[in-house]
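The exercises below ask the reader to look up residues, follow their surroundings, and then compare each result with a worked solution. Please keep the sequence and the structure in view while working.

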Amino acid sequence: MAETEKCVLLVPSLVEISSVLKSKLQKNFAEVSVTVIECPDLSQAPFDFPVKGLCGKPRIADVGGVPYLVPVPRLHKVYNVNTVTKNIDLPGAYILGAGATSHRSLGINAELIFSVQAECTSASAVNKSYVASVSPTDGSCLLEKYRDKSNDNDFGLLSNLYACEGKSGKVIEVNVKQRIGQDNFVSCMRKSLHEYYGEKVVGMGGTFLIKEGKAKLHIMPREFSACPLNTDEDVNQWLKFYEMNAPLICQSVFVSHDPGYDLRLEHTHCFSHHGEGGHYHCDTTPDTIEYVGYFHPAEFLYRIDKPSFN
Ligand SMILES: [Zn+2]
(Lines give C-alpha, C1' and ligand atoms only; values in the text may rest on other atoms or scores of the structure.)
Protein backbone atom coordinates (compact mmCIF):
# COMPACT_ATOMS: atom_id res chain seq x y z
CA MET A 1 0.00 0.00 0.00
CA ALA A 2 1.18 3.51 -0.83
CA GLU A 3 2.51 5.54 2.07
CA THR A 4 -0.03 7.88 3.65
CA GLU A 5 0.74 10.95 5.78
CA LYS A 6 -1.96 12.84 7.65
CA CYS A 7 -2.36 16.28 9.20
CA VAL A 8 -5.12 18.20 10.94
CA LEU A 9 -6.47 21.23 9.11
CA LEU A 10 -7.73 24.47 10.61
CA VAL A 11 -11.54 24.49 10.45
CA PRO A 12 -12.87 28.02 10.94
CA SER A 13 -16.63 28.53 11.19
CA LEU A 14 -18.54 28.70 7.92
CA VAL A 15 -19.53 32.27 8.78
CA GLU A 16 -15.91 33.30 9.27
CA ILE A 17 -14.75 31.64 6.05
CA SER A 18 -17.60 33.34 4.20
CA SER A 19 -16.47 36.79 5.29
CA VAL A 20 -12.83 36.00 4.43
CA LEU A 21 -13.78 34.80 0.94
CA LYS A 22 -16.10 37.72 0.35
CA SER A 23 -13.51 40.40 1.09
CA LYS A 24 -11.16 39.24 -1.68
CA LEU A 25 -13.80 38.05 -4.15
CA GLN A 26 -15.15 41.61 -4.14
CA LYS A 27 -11.83 42.79 -5.56
CA ASN A 28 -12.05 40.25 -8.40
CA PHE A 29 -15.76 40.19 -9.29
CA ALA A 30 -18.29 43.00 -9.71
CA GLU A 31 -21.12 41.15 -7.95
CA VAL A 32 -20.40 38.90 -4.96
CA SER A 33 -22.68 37.04 -2.57
CA VAL A 34 -21.31 34.58 0.02
CA THR A 35 -23.75 32.98 2.45
CA VAL A 36 -24.12 29.93 4.66
CA ILE A 37 -27.01 27.83 3.42
CA GLU A 38 -28.42 24.33 3.61
CA CYS A 39 -26.69 22.37 0.84
CA PRO A 40 -28.98 21.98 -2.17
CA ASP A 41 -29.80 18.39 -3.09
CA LEU A 42 -26.80 17.52 -5.27
CA SER A 43 -28.40 14.26 -6.39
CA GLN A 44 -30.60 16.46 -8.58
CA ALA A 45 -29.77 17.99 -11.97
CA PRO A 46 -27.45 19.37 -13.10
CA PHE A 47 -25.12 17.79 -10.52
CA ASP A 48 -26.56 14.27 -10.48
CA PHE A 49 -24.23 13.15 -7.68
CA PRO A 50 -24.74 9.73 -6.06
CA VAL A 51 -25.20 11.57 -2.72
CA LYS A 52 -27.22 14.56 -1.54
CA GLY A 53 -24.62 16.79 0.11
CA LEU A 54 -20.99 17.68 0.91
CA CYS A 55 -21.13 17.11 4.66
CA GLY A 56 -20.03 14.46 7.16
CA LYS A 57 -16.38 13.90 8.18
CA PRO A 58 -14.96 16.04 5.35
CA ARG A 59 -11.33 15.45 4.37
CA ILE A 60 -8.93 16.06 1.51
CA ALA A 61 -6.59 13.58 -0.17
CA ASP A 62 -3.69 14.59 -2.41
CA VAL A 63 -2.67 11.41 -4.23
CA GLY A 64 0.50 10.94 -6.31
CA GLY A 65 1.71 14.02 -8.14
CA VAL A 66 2.89 15.72 -11.29
CA PRO A 67 6.33 13.97 -11.09
CA TYR A 68 4.47 10.74 -11.96
CA LEU A 69 3.18 12.40 -15.18
CA VAL A 70 6.19 14.38 -16.41
CA PRO A 71 8.88 14.33 -17.66
CA VAL A 72 7.98 10.67 -18.28
CA PRO A 73 4.79 8.90 -17.13
CA ARG A 74 4.93 6.24 -14.41
CA LEU A 75 2.15 3.99 -15.69
CA HIS A 76 2.41 1.64 -12.72
CA LYS A 77 1.06 4.46 -10.52
CA VAL A 78 -2.49 3.15 -10.26
CA TYR A 79 -4.80 3.89 -7.34
CA ASN A 80 -8.31 2.80 -6.40
CA VAL A 81 -11.15 4.87 -4.99
CA ASN A 82 -12.26 2.13 -2.57
CA THR A 83 -8.71 1.72 -1.26
CA VAL A 84 -8.22 5.47 -0.90
CA THR A 85 -11.39 5.81 1.21
CA LYS A 86 -9.95 3.17 3.54
CA ASN A 87 -6.57 4.97 3.61
CA ILE A 88 -8.33 8.16 4.70
CA ASP A 89 -10.33 6.39 7.41
CA LEU A 90 -13.66 6.90 5.65
CA PRO A 91 -14.58 3.71 3.77
CA GLY A 92 -17.64 4.21 1.58
CA ALA A 93 -17.01 7.97 1.30
CA TYR A 94 -18.31 10.12 -1.50
CA ILE A 95 -15.38 11.55 -3.47
CA LEU A 96 -15.24 14.50 -5.84
CA GLY A 97 -12.26 16.18 -7.42
CA ALA A 98 -9.76 16.28 -10.26
CA GLY A 99 -7.20 13.80 -11.51
CA ALA A 100 -6.00 11.43 -14.18
CA THR A 101 -7.32 8.12 -15.44
CA SER A 102 -5.42 4.88 -15.10
CA HIS A 103 -3.86 3.92 -18.43
CA ARG A 104 -4.21 0.29 -17.37
CA SER A 105 -8.01 0.65 -17.12
CA LEU A 106 -8.80 2.67 -20.22
CA GLY A 107 -5.80 2.13 -22.48
CA ILE A 108 -5.52 5.88 -22.91
CA ASN A 109 -4.44 8.93 -20.95
CA ALA A 110 -7.33 11.27 -20.05
CA GLU A 111 -8.74 13.72 -17.53
CA LEU A 112 -10.84 12.22 -14.75
CA ILE A 113 -13.67 14.24 -13.21
CA PHE A 114 -14.50 12.49 -9.95
CA SER A 115 -18.00 11.99 -8.57
CA VAL A 116 -18.08 8.56 -6.98
CA GLN A 117 -19.38 6.92 -3.86
CA ALA A 118 -16.97 4.21 -2.80
CA GLU A 119 -18.08 0.70 -1.91
CA CYS A 120 -19.09 -0.10 1.65
CA THR A 121 -19.90 -3.39 3.35
CA SER A 122 -23.51 -3.29 2.14
CA ALA A 123 -23.22 -1.74 -1.33
CA SER A 124 -20.90 -1.59 -4.30
CA ALA A 125 -19.43 1.68 -5.57
CA VAL A 126 -21.64 4.14 -7.46
CA ASN A 127 -19.30 5.72 -9.98
CA LYS A 128 -20.71 8.79 -11.72
CA SER A 129 -17.31 10.18 -12.70
CA TYR A 130 -16.59 11.46 -16.19
CA VAL A 131 -13.63 11.00 -18.53
CA ALA A 132 -12.56 13.82 -20.85
CA SER A 133 -10.21 12.79 -23.64
CA VAL A 134 -9.03 14.15 -26.97
CA SER A 135 -11.18 12.67 -29.74
CA PRO A 136 -9.04 10.46 -31.99
CA THR A 137 -11.15 11.45 -35.01
CA ASP A 138 -11.07 15.24 -34.96
CA GLY A 139 -9.13 16.38 -31.88
CA SER A 140 -12.23 17.78 -30.21
CA CYS A 141 -13.24 17.07 -26.62
CA LEU A 142 -14.73 13.65 -26.01
CA LEU A 143 -16.60 13.50 -22.68
CA GLU A 144 -17.76 10.06 -21.55
CA LYS A 145 -19.19 8.52 -18.39
CA TYR A 146 -16.56 6.48 -16.56
CA ARG A 147 -18.98 3.56 -16.19
CA ASP A 148 -19.38 3.38 -19.96
CA LYS A 149 -15.61 2.85 -20.22
CA SER A 150 -14.72 0.62 -17.25
CA ASN A 151 -16.22 -1.40 -14.41
CA ASP A 152 -13.38 -0.62 -12.01
CA ASN A 153 -12.90 2.42 -9.76
CA ASP A 154 -9.24 3.04 -10.49
CA PHE A 155 -7.32 6.18 -11.35
CA GLY A 156 -3.69 6.98 -12.08
CA LEU A 157 -0.69 9.28 -11.62
CA LEU A 158 -2.19 12.11 -9.56
CA SER A 159 -5.48 13.29 -8.12
CA ASN A 160 -6.82 15.90 -5.74
CA LEU A 161 -9.86 14.67 -3.87
CA TYR A 162 -12.45 15.90 -1.38
CA ALA A 163 -14.15 13.12 0.56
CA CYS A 164 -17.13 13.16 2.91
CA GLU A 165 -20.11 11.08 3.95
CA GLY A 166 -22.24 12.81 1.33
CA LYS A 167 -24.72 14.06 3.88
CA SER A 168 -26.92 17.13 3.75
CA GLY A 169 -25.94 20.04 5.96
CA LYS A 170 -24.67 23.57 5.98
CA VAL A 171 -22.31 24.72 3.23
CA ILE A 172 -20.95 28.01 1.91
CA GLU A 173 -22.69 29.24 -1.22
CA VAL A 174 -20.56 31.55 -3.35
CA ASN A 175 -22.22 33.43 -6.20
CA VAL A 176 -20.19 35.86 -8.31
CA LYS A 177 -20.74 37.67 -11.60
CA GLN A 178 -18.57 39.69 -13.97
CA ARG A 179 -14.85 39.27 -13.37
CA ILE A 180 -12.97 42.55 -12.90
CA GLY A 181 -9.64 41.11 -11.64
CA GLN A 182 -7.04 38.66 -12.96
CA ASP A 183 -7.59 35.65 -10.71
CA ASN A 184 -9.76 32.72 -11.67
CA PHE A 185 -12.63 31.83 -9.33
CA VAL A 186 -10.77 29.15 -7.38
CA SER A 187 -7.42 30.97 -7.14
CA CYS A 188 -9.21 34.01 -5.76
CA MET A 189 -10.81 31.98 -2.97
CA ARG A 190 -7.58 30.09 -2.22
CA LYS A 191 -5.52 33.28 -2.03
CA SER A 192 -8.08 34.95 0.22
CA LEU A 193 -7.74 32.08 2.71
CA HIS A 194 -3.93 32.20 2.51
CA GLU A 195 -3.82 35.96 3.09
CA TYR A 196 -6.03 35.69 6.16
CA TYR A 197 -4.83 32.44 7.73
CA GLY A 198 -1.15 32.56 6.69
CA GLU A 199 0.65 29.30 7.53
CA LYS A 200 -2.40 27.76 9.17
CA VAL A 201 -3.82 25.40 6.55
CA VAL A 202 -7.46 25.58 5.47
CA GLY A 203 -8.61 23.05 2.87
CA MET A 204 -11.85 23.29 0.95
CA GLY A 205 -13.75 21.11 -1.46
CA GLY A 206 -16.94 21.48 -3.38
CA THR A 207 -18.70 21.92 -6.65
CA PHE A 208 -19.49 25.00 -8.70
CA LEU A 209 -21.39 25.83 -11.82
CA ILE A 210 -20.16 28.09 -14.54
CA LYS A 211 -23.68 29.30 -15.29
CA GLU A 212 -22.96 31.81 -18.02
CA GLY A 213 -20.02 32.49 -20.31
CA LYS A 214 -17.10 30.42 -21.55
CA ALA A 215 -13.96 29.00 -19.98
CA LYS A 216 -10.47 27.83 -20.97
CA LEU A 217 -9.90 24.16 -20.20
CA HIS A 218 -7.24 21.65 -21.18
CA ILE A 219 -7.28 17.94 -21.88
CA MET A 220 -4.20 15.73 -21.81
CA PRO A 221 -3.64 13.83 -25.07
CA ARG A 222 -4.52 10.13 -25.22
CA GLU A 223 -0.91 9.24 -25.87
CA PHE A 224 1.94 10.26 -23.65
CA SER A 225 4.63 12.33 -25.26
CA ALA A 226 7.31 10.38 -27.10
CA CYS A 227 9.89 12.87 -25.80
CA PRO A 228 10.34 13.75 -22.13
CA LEU A 229 8.42 16.91 -21.16
CA ASN A 230 11.10 18.80 -19.30
CA THR A 231 9.73 22.33 -19.14
CA ASP A 232 6.39 24.05 -18.60
CA GLU A 233 6.58 25.07 -22.24
CA ASP A 234 6.98 21.42 -23.27
CA VAL A 235 3.91 20.51 -21.19
CA ASN A 236 1.82 23.36 -22.61
CA GLN A 237 2.79 22.32 -26.14
CA TRP A 238 1.64 18.78 -25.37
CA LEU A 239 -1.68 19.69 -23.71
CA LYS A 240 -4.73 20.49 -25.85
CA PHE A 241 -6.52 23.72 -24.91
CA TYR A 242 -10.18 24.48 -25.58
CA GLU A 243 -12.73 27.19 -24.98
CA MET A 244 -15.80 25.48 -23.54
CA ASN A 245 -19.35 26.65 -22.94
CA ALA A 246 -21.52 27.02 -19.87
CA PRO A 247 -23.14 25.31 -18.14
CA LEU A 248 -20.11 23.45 -16.76
CA ILE A 249 -20.20 21.57 -13.46
CA CYS A 250 -16.80 21.87 -11.76
CA GLN A 251 -15.37 19.59 -9.07
CA SER A 252 -12.87 21.57 -7.05
CA VAL A 253 -10.35 21.06 -4.25
CA PHE A 254 -8.11 23.80 -2.88
CA VAL A 255 -5.73 24.27 0.05
CA SER A 256 -4.62 27.64 1.42
CA HIS A 257 -1.01 26.71 2.22
CA ASP A 258 1.40 23.79 1.78
CA PRO A 259 2.87 22.82 5.16
CA GLY A 260 5.53 20.72 3.41
CA TYR A 261 3.67 17.84 1.78
CA ASP A 262 4.37 18.84 -1.82
CA LEU A 263 0.70 19.65 -2.33
CA ARG A 264 -1.09 20.79 -5.43
CA LEU A 265 -2.83 23.85 -3.97
CA GLU A 266 -5.80 23.89 -6.33
CA HIS A 267 -7.23 21.53 -8.90
CA THR A 268 -10.58 21.74 -10.66
CA HIS A 269 -12.08 19.50 -13.33
CA CYS A 270 -15.39 20.13 -15.07
CA PHE A 271 -18.06 18.05 -16.77
CA SER A 272 -21.24 19.02 -18.57
CA HIS A 273 -24.35 17.54 -20.13
CA HIS A 274 -23.41 18.83 -23.59
CA GLY A 275 -20.23 16.81 -24.20
CA GLU A 276 -17.59 19.21 -22.91
CA GLY A 277 -15.26 18.84 -19.92
CA GLY A 278 -11.66 18.93 -18.74
CA HIS A 279 -9.22 20.80 -16.52
CA TYR A 280 -10.33 24.32 -15.56
CA HIS A 281 -7.95 27.25 -16.08
CA CYS A 282 -10.06 30.42 -16.14
CA ASP A 283 -13.09 32.02 -17.73
CA THR A 284 -12.62 33.74 -21.08
CA THR A 285 -15.70 35.97 -21.02
CA PRO A 286 -15.16 38.14 -17.93
CA ASP A 287 -18.05 40.51 -18.68
CA THR A 288 -20.69 37.81 -18.82
CA ILE A 289 -19.24 35.15 -16.50
CA GLU A 290 -21.35 33.87 -13.63
CA TYR A 291 -20.31 31.27 -11.06
CA VAL A 292 -22.33 29.70 -8.26
CA GLY A 293 -20.69 27.15 -6.00
CA TYR A 294 -21.10 25.13 -2.80
CA PHE A 295 -18.06 24.53 -0.61
CA HIS A 296 -17.15 22.99 2.73
CA PRO A 297 -13.90 23.04 4.74
CA ALA A 298 -12.12 19.74 5.38
CA GLU A 299 -10.97 18.55 8.80
CA PHE A 300 -7.98 16.48 7.72
CA LEU A 301 -5.50 16.33 4.89
CA TYR A 302 -4.07 13.01 3.72
CA ARG A 303 -0.98 12.88 1.49
CA ILE A 304 -0.88 9.54 -0.30
CA ASP A 305 2.17 8.27 -2.22
CA LYS A 306 3.99 11.60 -2.34
CA PRO A 307 6.65 11.47 -5.06
CA SER A 308 10.03 11.25 -3.38
CA PHE A 309 12.22 11.95 -6.39
CA ASN A 310 12.75 15.06 -8.48
ZN1 LIG B 1 -6.23 18.54 -14.01
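**Exercise 1. A residue in a loop**

Which residues does serine 150 touch, not counting residues up to four places away in sequence?

Solution. Before starting, note that this is a predicted model, in which local features need pLDDT of at least 70 and side-chain atom pairs count only at pLDDT 80 or more, while totals for chains, interfaces and linings use all residues. Residues are numbered from 1 along each chain as its sequence is written, and side-chain values use heavy atoms, with hydrogens and water left out.

Step 1: find serine 150 in the loop between α4 (146-149) and β10 (154-164), where helices (H or I, at least four residues) and strands (E, at least two) are DSSP runs numbered from the N terminus.
Step 2: look for contacts, meaning heavy atoms within 4.5 Å; with residues up to four places away in sequence set aside, serine 150 touches Ser105 and Leu106.
Step 3: check the accessibility, for which buried means under 20% relative accessible area, exposed over 50%, and partly exposed in between (1.4 Å probe, protein chains only). Serine 150 has 9% relative accessibility and therefore counts as buried.

**Exercise 2. Two strand residues and their partners**

Describe the surroundings of aspartate 154 and of valine 34.

Solution. Step 1: aspartate 154 is placed in strand β10, and with a relative accessible area of 13% this residue is buried.
Step 2: leaving out residues up to four places away in sequence, the contacts of aspartate 154 include Val78, Tyr79, Asn80, Ser102 and Tyr146. Asparagine 80 is 74 residues away from aspartate 154 in sequence, yet their C-alpha atoms are 4.2 Å apart in space.
Step 3: valine 34 belongs to strand β2, and its relative accessible area of 11% makes it buried.
Step 4: again without residues up to four places away in sequence, valine 34 touches Ser18, Lys22, Leu25, Ile172, Glu173 and Val174. Between the C-alpha atoms of valine 34 and valine 176, which are 142 residues apart along the chain, the separation is 8.5 Å.

**Exercise 3. A helix and its cover**

Determine how far helix α1 reaches and what covers its buried residues.

Solution. Step 1: α1 runs over residues 14-28, which is 15 residues, and spans 21 Å from its first C-alpha to its last. That is close to the expected 21 Å, the expected span being 1.5 Å times one less than the number of residues.
Step 2: the buried residues of α1 are Leu14, Ile17, Ser18, Val20, Leu21, Lys24, Leu25 and Asn28.
Step 3: the elements covering them include β2 (29-38), β11 (170-179), α5 (185-197), β12 (203-212) and β18 (290-297).

**Exercise 4. Cysteines**

How many disulfides does a search of the whole structure find?

Solution. Step 1: a disulfide is a covalent bond between the sulfur atoms of two cysteines, and here the criterion is a pair of cysteine sulfur atoms within 2.5 Å.
Step 2: the search finds zero disulfides. For cysteine 141, the closest cysteine sulfur is that of cysteine 270, and because it is 10 Å away, it is too far for a bond.
Step 3: cysteine 141 is buried at 15% relative accessible area, whereas cysteine 227 is exposed at 51%.

**Exercise 5. Backbone exceptions**

Where do the cis peptide bond of proline 46 and the positive phi of aspartate 48 occur?

Solution. Step 1: recall that most residues other than glycine have a negative phi, and most peptide bonds are trans.
Step 2: alanine 45 and proline 46 are joined by a cis peptide bond with omega of about 0 degrees, and proline 46 lies in the loop between β2 and β3 (59-64).
Step 3: aspartate 48, also found in the loop between β2 and β3, has a positive phi of about 55 degrees although it is not a glycine. With 32% relative accessibility, aspartate 48 counts as partly exposed.
Step 4: a cis peptide bond also joins alanine 246 and proline 247, with omega of about -5 degrees, and proline 247 is in the loop between β14 (240-245) and β15 (248-255).
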